[in-house]
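Welcome! Please take a moment to look over the sequence and the 3D view before reading on.

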Amino acid sequence: MALVPYVENPLPALAKLHNSSAEFYFAKHNIRLSQDWKQLGVAAVVWDAAVVLCMYLELGQVELKGKVAIELGAGTGLVGIVAALLGAKVIITDREPALDFLSANVRVNLPPDSQGSATVSELTWGKRLELYPAGGFDLVLGADIVYLEDTFVPLRQTLEHLCSDHTVVLLACKIRYERDTNFLSMLKQKFRVEEVYYEKQRDIHIYKAWKLPPKRDL
């Protein structure tokens, strides 16, 4: 999560990010998320990648019911909330400064009978990974988390820790710079990666990844 300065007069294309809330309809539920660009920057607004990943989850291409999932860099929590509404048991994570904001969004948008299906937890990539079960997740979700080059190595390290041979990773990305594709190349050293969906209007790619089996010594 990166904090960015508040801009009083955003470009028209970014104006929606400065609204105090954003509303969506996913999984037969109205979802209203608070946004707070001024205090938390990019961590507290809904980016297109999150919306597109939720659309993809609704398509049913990945089984969610009864699955154990974790969302990385959750921000407002939209993806994790939708995954929980679709039947997954989700740990929704971000860095410590965003947790109160994230928890409030999750609490407000999950009905009483679904409150136990989502837990908010602190996770800084590459640190204290022993707090999370190694290979303990069926699904790892990330929306627009590939943009800071300094985080690429700890992000891959985190994915390696969380994933077993059967874990599916879904990353929704807007490819802005060459370094973004560099991360995908780095990921391919340890994972099989393929593009499974592209939303042209928003220019969002969804990549699916599986952990490669360890190389055997000859």
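The report below walks through the sheet, a helix on it, the salt bridges, the cores and the cysteines.

## The sheet

Before we start, please keep in mind that this is a predicted model. A good place to begin is the open sheet, which is built from 7 strands with mixed pairing. Reading across the sheet, the order is β5-β4-β3-β6-β7-β9-β8. The edges are taken by β5 (118-122) and β8 (191-199); each has a single partner strand, so one side of each is left without a neighbour in the sheet. From one strand to the next, the twist averages 20°.

For a look at one pairing, turn to strand β4, which covers residues 89-94. Strand β4 runs alongside β5 in the parallel sense, and the two are joined over 5 bridges. Here T93 stands opposite S121 in β5.

## A helix on the sheet

Helix α5, made of residues 152-162, packs on the sheet. The strands it touches are β3 (68-72), β6 (137-143), β7 (163-173), β8 and β9 (204-211). Compared by direction, helix α5 and β7 make an angle of about 140°.

Helix α5 also holds a charged pair of its own: R156 forms a salt bridge with E160, and their closest N and O atoms are 3.3 Å apart. Both residues lie in this helix, 4 residues apart, which is about one turn of the helix. R156 is buried, with a relative accessible area of 16%, while E160 is partly exposed at 23%.

## Charged pairs

Side chains of opposite charge can pair when their charged atoms come close. The count for this model comes to 5 salt bridges. One of them joins the side chains of R176 and D144, with 2.9 Å from N to O. R176 sits in the loop between β7 and α6 (178-187), and D144 sits in the loop between β6 and α5, so the pair ties together parts that are 32 residues apart in sequence. R176 is partly exposed, its relative accessible area being 35%, whereas D144 is buried at 10%.

Another salt bridge links E199 with R202, where the closest N and O atoms are 3.6 Å apart. Within this pair, E199 is buried, with a relative accessible area of 11%, and R202 counts as partly exposed at 27%.

## The nonpolar cores

In soluble globular proteins, nonpolar side chains tend to be buried together. The largest nonpolar core in this model has 42 residues, and L78 and L170 are those with the most contacts inside it. Helix α2 (residues 48-58) gives the most to this core, contributing 8 residues.

What does L170 contact, once its neighbours within four places in sequence are left aside? Its contacts include L53, Y56, L57 and V62, along with L139, V140, L141 and G142. I206, Y207 and K208 are also in contact with L170. Apart from the largest core there is a second, separate one of 26 residues, and among its members are I70, L162, C163 and L171.

## The cysteines

How many disulfides does the structure hold? The number is 0. Two cysteines are worth finding in the view: C54 counts as buried, at 0% relative accessibility, and C173 is buried as well, with a relative accessible area of 4%. Both values fall under 20%, the cut-off for calling a residue buried.

Key: Residues numbered from 1 in each chain as written. Predicted model: local features only at pLDDT ≥ 70, side-chain atom pairs only at ≥ 80, totals over all residues. Heavy atoms only, no water. Pairing = 2+ DSSP bridges. Axes fitted to C-alpha atoms, helices over the stretch in contact; angles between N-to-C directions. Contact = heavy atoms within 4.5 Å. Salt bridge = Lys/Arg side-chain N within 4 Å of Asp/Glu carboxyl O. Buried < 20%, exposed > 50% of the residue type's maximum accessible area, 1.4 Å probe, protein only. Core = buried A, V, L, I, M, F, W, Y, C linked by side-chain atoms within 4.5 Å. Disulfide = S-S within 2.5 Å.
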